[in-house]
Amino acid sequence: MTAPQLDRFSFLQEIPNRAFLVGNVAFALVYTLVITFAFPHGNPVLFGVLIATEVFHLVQIVGYCWTVWRRDAERAFDPAFAGSVDVFITVCGEPVDIVRATTRAALAMDYPGRVRVHLLNDGLVAGKDDWRDIEALADELDVTCFTRVTPGGAKAGNINHALGRTDGEYVVVFDADHVPHRDFLVTVMGFFTDERMGFVQTPQYYANQHANRITRTAWDQQTLFFGPIMSGKSRLGSAFMCGTNMALRRSAVLEVGGMCEENIAEDFLTSLFLHERGWRSVYLPQVLAEGLAPDDFLNYYKQQFRWTRGSLEVIFKYNPLVRRGLSWSQRLQYLLSASYYLSGAVIVVSALLPVVFLLTGATPIVTSTMTLALVFVPYMWINLYVLQRTSNSCYSWSAIAFSLSAWWLQLSALYAVLAGKKTAFAVTSKDVGDGGRPNFLRLVVPQLAYIALGVVALGVGAAREGFSPSLMANLAWLSVHVAISVPFIVAASPSRAPRRELVEVPAEPTLVDEPVGVLR
Amino acid sequence: MTATLDRPAVTVGRHARVEAARTRPRRGRGLVVAVHLVSAAVVVAWSQLAFLGRSLRLDEAQSLWQTNHTYGRLLELIAQDVHVPLYHVVLRTWRLVLGDDIGTARVLSLVFLLASLPLFYLVARSVLTQRWALFALVVFSTSPFVLWYGNEARMYTMLLLVTLASQVAFLAVVRRGRTAAWVGWAATAVVGAYVHYFFFFVLLAQGLFLLAVSRRLPGRTVLKLTGVVVLVVAAFLPWFLYFRANGSASGTRPQLPTPSSVDFSNVYSQFLFGFQSDPVNTTLVSAWPLLVLGALLSVRVGSRLDRNGAYLLVAAFVPVLTAFVVSHLVTPFFLSRYMVPAAPALLVLVVAFLAGLGPRVSKVLAGALLAVTVAGTTVQATSSDNPVEEDYRAAAELAEQAGPRDLVVVSSPFTIYPFEYYYDGAARVSTLPVWNRQQSAPTYDAPELPAEAQSLTDGHQYVYLVLSYDQGYQDDVYQYFASRYEQTAAYAPSDGLQVLVFRVGYAEVVPLGSPPA
C-alpha cells in the first residue's frame, strides 16, 4: 500500500480516473443535498452559514473534477521554430551566485534562433545592498543588465521596463532563482507556430524541496497545481502565467498594455487580459527549469499572501464572469482559481462550529451524529482519494494542513482587498544565529488563539453537557481542527537544532555548470 | 507537426519493485512461525481463561438442538431455519466423534479460529511488510470480536476461515490470475456459500472488484468470473430448491429491526473494540470525526492504494454496506456477527494506516492499538454490562429455587433451549405463548394471552418468569403478571435477561427457598 520512491517528476504523470471523479461529484452532491434537505434544521443562522460553506465546497469539487477531467492533449508545434527571443531574468536582491547560475544556464540554452539574455535588476529601486553586484555579474557574463532607477509596478514594472528596451519577437521570463534546462527554448518556442499563441507556461519546480519542512510543503502544494490542475486548465484554454519559466509573444503582451502593474499577481491578471483578447495559452507539463522554494515561514507566508491578495483582487475588481471576450470555460476557470482563496472564510466557519456548540449548545442541524457520519465520511474519503490520485500521490498531509491553516492569511488578504489597504509584515526573516529556524510564531497567533478558545469552549461544553455523544463528537471535531493547525504552528516556531548546515540543491549536473549551495 | 502534452503514467517499474519487495523470498521464517505460535497460544489462553466456560447462549442452544438430530433431519431443520447447512453437518460429526457437550462444540469454533491465523497473515502480507503483518496477526489474535465468536458454538469463525481462504485465493487471482488461483477461489466460493448466506455479499464484493479491474488483468477475466458464478449457482441450487421446498424459513425468521446508522457504525466499533457497554460504545462511535483526521493523515507523498489495498477496502466496507442497503430494501437481517467476514480486512487496513505513518508515531499508535484491543477483550470478558452475554446458566440456577408447586415460564418461547440446557429444578417449565415443540414456534396473539397465562398459573404458588429476546410482546407478558400478582423478586443475570418471581397462589406452605417478598 505504500511506495516511498517516486520519480521526482511523477506529479506530471497521472492520468485521472474518471469513475472516481464522477464518484466524488456524486458523493459531494448527495452529501450537500442530505445536509440541506434531509435533516431538521437547528439554529437558522448556523444552518445558513453551514449550507453556504457546503455549497462552496461543492462548487470547488465540481470545478476541480471538471478541470482535471482530461489533460491537454496535442498542440501545433514546430521543432524548427527560430523566432528571436529575449530572456528576462528578474532580479530583486537575490544572491549573486544564484543569479549567476541562472544566467549561465540561460546562456547555455540550445536554440536555432537569436537569443539575448538580460538581467532585469530591481535591486536599486528595492533598496537592496547588492544591486551593483548584479551589474558586475552582467559584465562578467557579457549579458545586458537593465537596472531600474524609477520604482513602480514591482515585477511587472520591471518586465515592462525591459520590454521597452528590447525587440525580440518573444520574451522568456525566469525568476533569478529558476535555472533553465538546456532544452527549454527548443521545447517551448515551437508552440508559437500557432499565430494566436500568446504564452507558454512550464512548471515551477522547486529543486530545494528537500531542504526543510517549508520547502517540502511548498513543493507538495505546487504538485497539485502544476500537475493535474494546470494541464486541465490548458485543455480548457485557461492556463495562466505563473511569473516564471514562461515564454510570451511580445506583440500579445504589448497589445494588452504590457504586464499588468495594478495587481500584485500581475501574471494572473495579464493572462486574463490576453485571453480576453483572444490569445491562446498552453501549459507544457515538463520540467524545464528548476528553482527555489521559499525556505522559511515568513517567505512562504508572504508568497501565499501575495497570491491570495492578487487572486481576490481579480474577483472583486476584475470579476471574470462579466469580462467580455472570455469563453465560459475561461470565465469559470478564472473564477475557480481566484475563489479558492475565499476558502479561508469557509474553513474558519467550519472550525468555529464545534466551538459554538461547546459554548452555546447551538447546532446548524439536528440529527444523530452517526447518521451524519454515514453521509460525511464516504464523501470526505473519496474527496481525499481523488486529490491523492490526481496528484499522482505527490500531495501530502502537511500540504493540506498548510492550506487549511492559511485561513487567517486569507481573511487578512480579503480584508486588505475589500478595504483597499496595503499590508506590511511586522516580522523579519532573520536567522536565529545558530542555524536554526527563526521564530515566526507571531504569524500563527490566530491559530494559537483558536486552540485556546477551543480549550475554554471544551470546559464550558463539558460543564453543560456532561459526557454526551454530542460533546464527544464536537470534541473530536475540535481535535481535528487543532491537529490540522499543528504543522503550520510547528513550521512557524523556532528551532535550535537544524539537521544540516548546508543543503545541496539537486540541480541537473549536465545542464548547470556548477551546483548551487544554499545556506539555511 | 504536433506536440503531445499528456505524458503516460510511468508507474509500472515502481509497482514491480513494490511487488518484488512483498514477494521477496521469505526471511525470518522462524519469526513468522514463532509469532503464529504465540498468537495461537494467545487465542487458546483467552478462550480458556475467559470465554469457553461461559453460559450457553440462545443461538448455541439452537446449534446443539439441531445437531442432536440425524443428518437427514438436521438438513430439514436447517432448511426451515435461516442458515445454510455446512457448519451444522460438521458440528454434528464433531460432536459424534468428540462429545456432545457445549464445551466440545465450542472447541470446533476455536479450531476454525486457529486455522484462520495463517490465512489472516497471508492476507495482511499482501499489503504489509512482514513485520507489520505479524503485528496485525497479534492484534487479530487478541481481537475481542473474533475471540467472542471463536468461543461460540456457531458458524461465525467457520465463515471467517472460509472468507480468509477466499481472500487469499482472490488476491492471487487479482495478482497473477493463474489457473490454480481461480480454482482455489472457485472452491472457496462454493464452500462459503454453504457456510453462511452473508458470504454471498463477500462474493458480490469480489465480483464487482474483479469487474472493475478486469481490463488490467491477464487472460479472460470476465469469462472466468462468469464461470465461477455459474459454478456457485449450480452448486448452491440444490440447497436453494430444498430450502424453498421446506418453506423458505418463513416461520423461523427472527424479528430484527431495520438497521439504523448507529447499527452500521456499531459493526465497525465491535470489530475493533468488541462488545462494550452502551456508554462506552457510544463514546467510541461518537468520536468518528477522528476518521477525518485519519483520512487527512493518510494523504502522503508516494502513498498509493494499490490493487490489494483497494480490494481490502472493498472487502471491509462493500459487504456491510450492501447488507445495510438490502436490510432496508428487502428484509432486515443486519447483525454484526453476520458481518464477521469484513472484520479481518478492516483490521489489516487499520494496521496499514499506522504502518504508513512516521516510524515513531506508527510505533506509538501501534502500541496503543494493541493496548486498546487487549483492553477491549478484557472488559468484554469481565464486564457485567456486556450487551451480548446471555447468562441462562444463572437464570436456570435462580429458577431452580422454584418448588414442585411452582411454575417456570420462559418467554420468548425459543429461549427455552438454552434455559433447559442448565435447568435441573423441580418445577415444570413452560413457555408463553405456549409452545407445542413438535410444531413450529407459536405466534403471539394478544387476546389469547390472558387465557394462556391463566391456564399456566392455575394451581401453582409462584411463577418464575424468565424474560429475554423480546419479540415485541415482552412488555405485554410482564404487564399481565405485574397487574394481577404480587412480584416477590426480580433478578437480571445479564443484559436483557430477567427472572421475575410472582406469587400466583396462596397455599399455606411457602415454597422452599422462596426469596423474601
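How many residues does the contact take from chain A and from chain B? In this predicted model, the count comes to 57 residues from chain A and 47 residues from chain B. Put together, the two chains bury about 4600 Å² between them, and 69% of that area sits on carbon and sulfur atoms.

So what does chain A bring to the meeting? The elements that give two or more residues to its side of the contact are β1 (74-76), β10 (280-283), α13 (369-390), α14 (397-405) and α17 (469-492). Helix α13(A) supplies the largest share, with 14 residues. Sorted by kind, the residues of chain A that touch chain B come out as 38 nonpolar, 13 polar and six charged. As for specific pairings across the interface of chain A and chain B, the rule picks up zero salt bridges, but it does find 10 residue pairs in polar contact.

It helps to put the UniProt record next to this picture. An unreviewed entry there lists "transmembrane region" for several stretches of chain A, including residues 334-359, 365-387, 399-420 and 475-493. Take residues 365-387 of chain A: this stretch is 83% helix and 0% strand in the model, and its end C-alpha atoms lie 28 Å apart. Residues 475-493 of chain A read 95% helix and 0% strand, with 26 Å between the end C-alpha atoms.

Chain A has strands to look at, too. Three of them make an open sheet in the order β6-β11-β8, with mixed pairing. Why do β6 (179-180) and β8 (205-206) of chain A each have one side without a neighbour in the sheet? Both stand at the edges and have a single partner strand each, so nothing in the sheet flanks their other side. Strand β6(A) runs antiparallel to β11 (residues 289-291) of chain A, and two bridges join the pair. To find this pairing by eye, start from V179(A), whose bridge partner in β11(A) is E290(A).

Finally, back to salt bridges: although the interface of chain A and chain B has zero by the rule, the structure as a whole holds 20 over all chains. One example links the side chains of D167(A) and R114(A), at 3.4 Å from N to O. D167(A) belongs to the loop between α5 (154-163) and β5 (170-175) of chain A, while R114(A) belongs to the loop between α3 (96-107) and β3 (115-121) of chain A, so this pair ties together parts that are 53 residues apart in sequence.

Technical notes
Residues numbered from 1 in each chain as written. Chains lettered and ligands numbered in written order. Predicted model: local features only at pLDDT ≥ 70, side-chain atom pairs only at ≥ 80, totals over all residues. Heavy atoms only, no water. Contact = heavy atoms within 4.5 Å. Buried area = accessible area lost by both parts, 1.4 Å probe. Salt bridge = Lys/Arg side-chain N within 4 Å of Asp/Glu carboxyl O. Polar contact = N/O pair within 3.5 Å; in protein donor to acceptor, adjacent residues only side chain to side chain. Helix = DSSP H or I, 4+ residues; strand = E, 2+ residues; numbered from the N terminus. Nonpolar A, V, L, I, M, F, W, Y, C, P; charged D, E, K, R; others polar. UniProt positions renumbered as here; feature names shortened; annotations may be inferred. Pairing = 2+ DSSP bridges.
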